[in-house]
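Reader: Please take a close look at the largest nonpolar core of this model. Which residues make up that core, and which helices supply them?

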Amino acid sequence: MKIAESESAIAAAHNDCFQKAADLVNAELKLTQARAALEAQDYLTAAWRAEEATADANYARTQAALEQAELSAEQLQQSNARLKTARGKSTSK
């Protein structure tokens, strides 16, 4: 069950991350380790690795959202600066 949750979190992170973030790579590695542990019937390790994979995938999604928000804020500031400059030119005529 935890492995399925990890797979879902990683798939969602792939959709949100424009670049393959290190955290997403770590999530995929831990999911692979969880699957191997499950096959070896080491259920505790499988559960732990799956939990870690889910956490890494969620962190990657959060980082991607933060980066997108920062980019949007920067673009908005640039747009506001252009508008102020254009407005200043139109009132001085």
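Author: The account below begins with the chain and then turns to the core and one loop residue. This is a predicted model, in which local features need pLDDT of at least 70 and side-chain atom pairs count only at pLDDT 80 or more, while totals for chains, interfaces and linings use all residues. Residues are numbered from 1 along each chain as its sequence is written, and side-chain values use heavy atoms, leaving out hydrogens and water.

The protein chain has three helices and zero strands (helices are DSSP runs of H or I with at least four residues, strands runs of E with at least two, numbered from the N terminus). Its radius of gyration, taken over C-alpha atoms, is 21 Å, well over the 12 Å from the globule rule for 93 residues, so the chain is more spread out than a compact globule. That rule is 2.2 Å times the number of residues to the power 0.38.

The largest nonpolar core has 12 residues: Ile3, Ala9, Ile10, Ala13, Leu24, Ala27, Leu31, Ala34, Ala50, Ala53, Ala57 and Ala60. Such a core is a set of buried Ala, Val, Leu, Ile, Met, Phe, Trp, Tyr and Cys residues joined through side-chain atoms within 4.5 Å; buried means under 20% relative accessible area, exposed over 50%, and partly exposed in between, with a 1.4 Å probe and protein chains only. At least two core residues come from each of H1 (2–16), H2 (22–39) and H3 (43–91). Buried residues make up 22% of the 93 in the chain.

In the loop between H2 and H3 lies Gln41, which is exposed at 56% relative accessible area. Although not a glycine, Gln41 has a positive phi of about 60°.
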